[in-house]
Amino acid sequence: MTENRRRPNARGQGDLLRDEIVTAAVRMLEELADDEALSLRAVARAVSIAATSVYLHFPDRDALVLAAMRRCHEELVRTGDDAAAAASDPAAALRARILAQADWAREHSGLYKVLHESKVHRRHGMPFKEVMVARTTEAVQACMDAGLAPADDAATVAIDLRTAVNGMLAQRINEPDLPWPPAGEQLDRFLVKLVGLRR
């Protein structure tokens with residue numbers, strides 16, 4: 001046992017251990033697809049530390065799950081930002097942003113389930129998700145400002161769009177055997193019907 005124990009971080013490098021703990025939790029949540037199945041002892045074993053060392057950084061499992069989900073959400077936002085930045089106009093940027101997020105959800109279905117269906121989420125909420133809402137609202141508003149979508153309340157339209165997209169992704173993850181059309185085709189229908197973009 002002692003041979004497998006990790007060497008302690010140098011003094012003042014506790015953040016490195018915290019980062020390792022979160023990384024291990026993210027990896028395990030991806031496999032488990034269920035925050036309730038995550039064990040702090042299992043995370044400690046994955047990082048080769050004593051379970052008590054986890055508690056120095058996270059008071060309980062919920063706190064660790066929230067930290068892991070924050071990291072995932074930040075990655076999801078960056079993924080959308082990068083895709084939108086390469087687009088040619090606001091409508092293409094909105095589509096690229098959502099398609100990139102859909103690709104992320106497909107590649108990380110376990111994490112996506114925890115982001116949207118976890119018991120931690122229902123108990124504590126995830127205020128950092130407001131960034132994604134703001135990005136979508138700004139993208140919808142940009143389409144309206146450019147005359148690519150009819151003028152409307154961008155915040156309301158963005159919520160409708162996010163509801164449709166999140167529902168689409170959740171259904172694809174939870175019912176993979178249904179005869180789903182390509183995600184891009186389904187998204188294009190949402191953009192036409194909910195945002196008012198022209199085909």
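**Exercise 1. Work out how the ends of the Glu36 salt bridge sit in the fold.**

Step 1. Start with Glu36: its relative accessible area is 29%, so Glu36 is partly exposed. Keep in mind that this is a predicted model.

Step 2. Now find the partner. The side chain of Glu36 meets that of Arg61 in a salt bridge, at 3.3 Å from N to O.

Step 3. Place the two residues. Glu36 lies in the loop between α1 (14–32) and α2 (40–47), while Arg61 belongs to helix α4 (residues 61–85). With their positions 25 residues apart, the pair links distant parts of the chain.

Step 4. Check the other end. Arg61 has 25% relative accessibility, so Arg61 counts as partly exposed too.

**Exercise 2. Trace the salt bridge of Asp81 and see what network it belongs to.**

Step 1. Get the total: the structure holds seven salt bridges.

Step 2. Pick out Asp81, whose side chain meets that of Arg135 at 2.9 Å, N to O. Asp81 is in helix α4 and Arg135 in helix α8, 54 residues apart, so here again a pair links distant parts of the chain.

Step 3. Look at exposure. Asp81 has 22% relative accessibility, and the cut-off for buried is under 20%, so Asp81 counts as partly exposed. Arg135, at 27%, counts as partly exposed as well.

Step 4. Compare with a local pair. Lys113 and Glu117 form a salt bridge at 2.9 Å, N to O. These two are four residues apart in helix α6, which means about one helical turn separates them. Glu117 comes out as partly exposed, at 32% relative accessibility.

Step 5. Finish with the network: salt bridges that share partners join Asp81, Arg97 and Arg135 into one.

**Exercise 3. Describe the packing of helix α5 against helix α6.**

Step 1. Take the geometry. Helix α5 (residues 90–107) and helix α6 (residues 109–117) have axes that come within 5 Å and cross at roughly 105 degrees.

Step 2. Classify the angle. Crossing angles of 65 to 115 degrees count as roughly perpendicular, and that is why α5 is roughly perpendicular to α6.

Step 3. List who makes the contact. On the α5 side we have Trp104, Ala105, Arg106 and Glu107; on the α6 side, Ser109, Leu111, Tyr112 and Leu115.

Step 4. Sort them by character: five are nonpolar, one is polar and two are charged.

**Exercise 4. Find the hubs of the largest nonpolar core and follow one of them.**

Step 1. Size up the core. It has 59 residues, and those touching the most other members are Ile21, Leu64, Met69, Leu94, Val140, Leu161 and Val195.

Step 2. Ask which helix gives the most to this core. That's helix α9 (residues 154–174), with nine residues.

Step 3. Follow Val140. Setting aside neighbours within four places in sequence, Val140 is in contact with Leu94, Ala154, Val157, Ala158, Leu161 and Val195.

Step 4. Move to Thr136, in helix α8 (residues 130–145). Is Thr136 buried or exposed? Thr136 is buried, with a relative accessible area of 4%.

Step 5. Get the contacts of Thr136. Not counting residues up to four places away in sequence, Thr136 touches Ala158, Leu161 and Arg162. Ala158 and Leu161 also turn up among the contacts of Val140.

**Exercise 5. Characterise the surroundings of Arg18.**

Step 1. Locate Arg18: it is found in helix α1.

Step 2. Judge its exposure. At 35% relative accessibility, Arg18 counts as partly exposed.

Step 3. Find its contacts. Beyond residues up to four places away in sequence, Arg18 touches His57, Phe58 and Ala67.

Step 4. Set sequence against space. Arg18 and Val54 are 36 residues apart in sequence, yet their C-alpha atoms are 8.0 Å apart.

**Exercise 6. Sum up the whole chain.**

Step 1. Count the elements: there are 10 helices and zero strands.

Step 2. Take the dimensions. The C-alpha trace spans about 65 × 40 × 30 Å along its principal axes.

Step 3. Look at burial: 40% of the 199 residues count as buried.

Step 4. Check the range of the contacts. Taking contacts between residues at least 6 apart in sequence, 65% join residues at least 24 apart.

Conventions: Residues are numbered from 1 along each chain as its sequence is written. This is a predicted model: local features need pLDDT of at least 70, side-chain atom pairs count only at pLDDT 80 or more; totals for chains, interfaces and linings use all residues. Side-chain values use heavy atoms; hydrogens and water are left out. Axes are lines fitted to C-alpha atoms, for helices over the stretch in contact, and angles run from 0 to 180 degrees between N-to-C directions. Angles under 35 degrees count as roughly parallel, over 145 as roughly antiparallel, 65 to 115 as roughly perpendicular and the rest as oblique. Contact means heavy atoms within 4.5 Å. Ala, Val, Leu, Ile, Met, Phe, Trp, Tyr, Cys and Pro count as nonpolar, Asp, Glu, Lys and Arg as charged, and the others, Gly among them, as polar. Buried means under 20% relative accessible area, exposed over 50%, partly exposed in between (1.4 Å probe, protein chains only). A nonpolar core is a set of buried Ala, Val, Leu, Ile, Met, Phe, Trp, Tyr and Cys residues joined through side-chain atoms within 4.5 Å. A salt bridge is a side-chain nitrogen of Lys or Arg within 4 Å of a carboxyl oxygen of Asp or Glu.
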